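Reader: I'm new to this structure and would like a close look at one part of it, the salt bridges and a few residues around them. Could you walk me through that slowly?

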Amino acid sequence: MTTTKAPKKLRSQEWFDNPDNPGMTALYLERYLNYGLTREELQSGKPIIGIAQTGSDLSPCNRHHIELAKRVRDGIIAAGGIPFEFPVHPIQETGKRPGAALDRNLAYLGLVEVLFGYPLDGVVLTIGCDKTTPAMLMGAATVNIPAIALSVGPMLNGWHRGERTGSGTIVWKSREKLSSGEINYDEFMDIVASSAPSVGYCNTMGTATTMNSLAEALGMELPGGAAIPAPYRERGQTAYDTGKRIVDMVREDLKPSDIMTRAAFENAIVINSAIGGSTNAPIHLNAIARHLDIPLDNDDWQAIGHDVPLLVNLQPAGEYLGEDYHRAGGVPAVVAELMKARKLPHPGALTVNGKSIGANCENAENFNTDVIKPYDAPLKRQAGFINLKGNLFDSAIMKTSVISEEFRARYLSNPDDPEAFEGIAEVFDGPEDYHHRIDDPNLALDENSILIMRGTGPIGYPGAAEVVNMQPPAYLLKKGIHALPCLGDGRQSGTSGSPSILNASPEAAVNGGLALVKSGDHLRIDLRKGTANILIDDEELQKRKDDLIAAGGYKYPASQTPWQAIQRGMVGQLDEGMVLKPAVEFQRIAQTKGLPRDNH
Ligand SMILES: CC(C)(O)[C@@H](O)C(=O)O
C-alpha cells in the first residue's frame, strides 16, 4: 500500500508566508533569519521539520541522539526540508527520582505545546529510554502532524568473564549473589558496569528495547530501525534515511492517525508477546491509544497476545542481547516468522515508509534461528500477558514468558489445581518498608509467602515506581528459593525475570483492594481463571474498606514538587495507561482545534 495525497498549504507557511498579516509574518521570520536562513528558504514552501531532541547529559540512554541528529539534519536537507532541533524534557529511567515514569506525561505535555505552537510541518521523534518512546508517540498522536520515530538503539552486548551481561537483568541476578554473600560489593559493581559497555539503552529486552520494537511494530519507524545497536554504522545511516523520509511524509500528509490505528495496536500486542516484551508495554500502548481515541485495554492484551509464543531469545526471558537481536534480523525477522504462521493479525497496516508492515517484512530473513525462533519451535508457548482480576484489584498484569521452571514447579504444578496457588500475604508499604523488614527473621517467610508491595501506583508513588520485583530474604536465597510470588500496585523493570503480578489497578492510594490486605491474609491466584483474591468474605472486606475510609483512606507521602501535586490531581490508573485525564480530550488538536492564534 502506498499513499499519495494532494499537496496542501504547509502549516509553517501560516507563520512564515502570510501576506494578509505582514506584521506578524515579519516578526515570525526575523529571528529565524539570524541562523543564516534566507527568506527564500523559509518562504518557498520547504517543509520545516522539528527534531525533538531527547538526548542530553542527564539522559545517557538517549545522549547519542545528539550525534545522530546531525545525520537526521543531513537527510532533511537532502530531501528539501529545513531542520529545527529543539530540546525535550529529559527522562532517564536509571537517573530520575522518584521515578522516570512521573515525567512521561510532563514530557508529553511539553512536546504537545512545542509541536502545536511553533511553525513545524513534521517531526522526527528521537526515542530510546523507556518513557521517551511513549511520551513522544503520545505527543505526536495528540497533535497529529506527520511524525517518524528514530531509535537511538541498544548498547553493545555486555560481557563479564566470557558471559553475556545484560542491562538490568544482571543487577537483579547479582544482587541475589551479593545478599547471599557469593560476591562482594566491588565485584557486584564491576559485573553491573560490564553490562553497559557503550552508548545506547538497555541491551536486554527491557522496557526500552520493547518500546522501540513496538514503535516499529506500530509502523512509526523505518523497517529494521529499532534493533540496530547505537554505535553501529547502520544507526547513523538510518538517522539519515529517517530525516529524508519525514520530508516526504509531510508532502504526502501521512499522519500518526493514519498509521497508529487499532489494527497497528493489535499487531503490536502480538509482536510484544513474540519478543517477550516488558510489562510496561501495556501501560504505554494503552496510553498512546487513548490519545488517538482508540479503545485498548488489558483485556485486549490477554485476548490478542496471550496465546502467542515467545520467539525472541533475549534476556530476561532468554539468553541473548541486543547485538544478537539485530544480527538475527530484528523486528522484521520476527514479523516474518509471525507472517509465515499467518499470526500477524493485520499485515496491511500502514507504516511510515508508505508501505504496509506486511510488505516491509514478508521477505525479511531470520539469520539466526537460535536468537529468533521459528513460530513452530518457540522458546515458550502461550507467552503473552494474563490480565488478573478479583477483590484485590480490577486489573493486574502477569508476564508468563518469565515464569521459571523453579517457579512453575513450586507454585503451578498441583495436578488437582493446575495453574493456581494459595499463599500468605506479607504486606510492605513502599520499598523503604520492604528493605527495612525483608531480612527480619521474625517475619518467618517461607515458600508459602506472597510478597505484596503497595503505595507504589501513579498516585501513591507519583508516576508509579519500578519497585515491585522483590527478592526473597537472604535466609531463603541461601536455601535455594530464588523467587517468591510478588504482587503490587507499582511497576517492575522490564529487565526483571520475575513473574510478578504488576500494575494492580486501582492502587492502594485510591483505596483499591490492596489497601485492604493485611499480613497473614490468605490469597488465591488462579492463572487459568485469571483471578486474584483475598480469601475473606465480602462483609469483612467491606468492613475493612469502611474502616479505612473512616480513618481518612490509605496514607502516602506528600508531594515534593509542584508537578507531583499537579499530576496526582488528574492522573488515571496504570491499567488505563496512567494518562492525564484532561489531556485525552485533546486528541488530534492540529485537525480539531485549528491553528494557535497569533502572539502579537
Ligand atoms: C532497566 C530499567 C531501568 O529498569 C528499565 O529500562 C526497564 O527495562 O524497565
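Author: Here is a walk through the salt bridges, followed by two single residues and a word on confidence.

First, some ground rules. This is a predicted model, where local features need pLDDT of at least 70, side-chain atom pairs count only at pLDDT 80 or more, and totals for chains, interfaces and linings use all residues. Residues are numbered from 1 along each chain as its sequence is written, and side-chain values use heavy atoms, with hydrogens and water left out.

Now the salt bridges. The term means a side-chain nitrogen of Lys or Arg within 4 Å of a carboxyl oxygen of Asp or Glu, and the structure holds 34 of them. Take Lys131 and Glu93: their closest N and O atoms sit 2.3 Å apart. This pair links distant parts of the chain, 38 residues apart. Lys131 belongs to the loop between β3 (122-127) and α6 (132-143), while Glu93 belongs to the loop between β2 (82-87) and α5 (101-117). (Helices, H or I with at least four residues, and strands, E with at least two, are DSSP runs numbered from the N terminus.) Both Lys131 and Glu93 are buried; buried means under 20% relative accessible area, exposed means over 50%, and partly exposed is in between, using a 1.4 Å probe and protein chains only. The two also belong to a network of salt bridges that links Glu93, Asp130, Lys131, Glu466 and Arg491.

Next come Glu419 and Arg408, whose salt bridge has its closest N and O atoms 3.0 Å apart. Arg408 is in helix α18 and Glu419 is in the loop between α18 (405-411) and β9 (420-429), so this pair ties together parts that are 11 residues apart in sequence. Glu419 counts as partly exposed because its relative accessibility is 23%, and Arg408 counts as partly exposed because its value is 27%.

Then there's Arg437 with Asp433, a salt bridge whose closest N and O atoms are 2.8 Å apart. These two are four residues apart in helix α19 (residues 431-437), so about one helical turn separates them. Arg437 has 21% relative accessibility, so Arg437 counts as partly exposed.

Arg437 turns up again among the contacts of Glu426, a residue of strand β9. A contact here means heavy atoms within 4.5 Å. Leaving aside neighbours within four places in sequence, Glu426 also contacts Leu443, Leu445, Ile450, Leu451, Ile452 and Ser519. Glu426 is buried because its relative accessible area is 10%. Its side chain makes a polar contact with the side chain of Ser519, at 3.3 Å. (A polar contact is a pair of N or O atoms within 3.5 Å; within protein, one must be able to donate a hydrogen and the other to accept it, and residues adjacent in sequence count only if both atoms are side-chain atoms.)

Over in strand β3 you'll find Thr126, which counts as buried because its relative accessibility is 1%. A polar atom of the Thr126 side chain lies 2.5 Å from the backbone oxygen of Ala52. Not counting residues up to four places away, Thr126 touches Ala52 along with Ile51, Gln53, Thr54, Asn62, His65, Met136 and Leu150.

Finally, confidence. pLDDT is the predictor's confidence in each residue, from 0 to 100; the protein's mean is 96, with 99% of its residues at 70 or more. Helix α23 (residues 589-592) has the lowest mean, 87, and strand β4 (residues 147-151) the highest, 99. Over residues 1-6, though, pLDDT is below 50.
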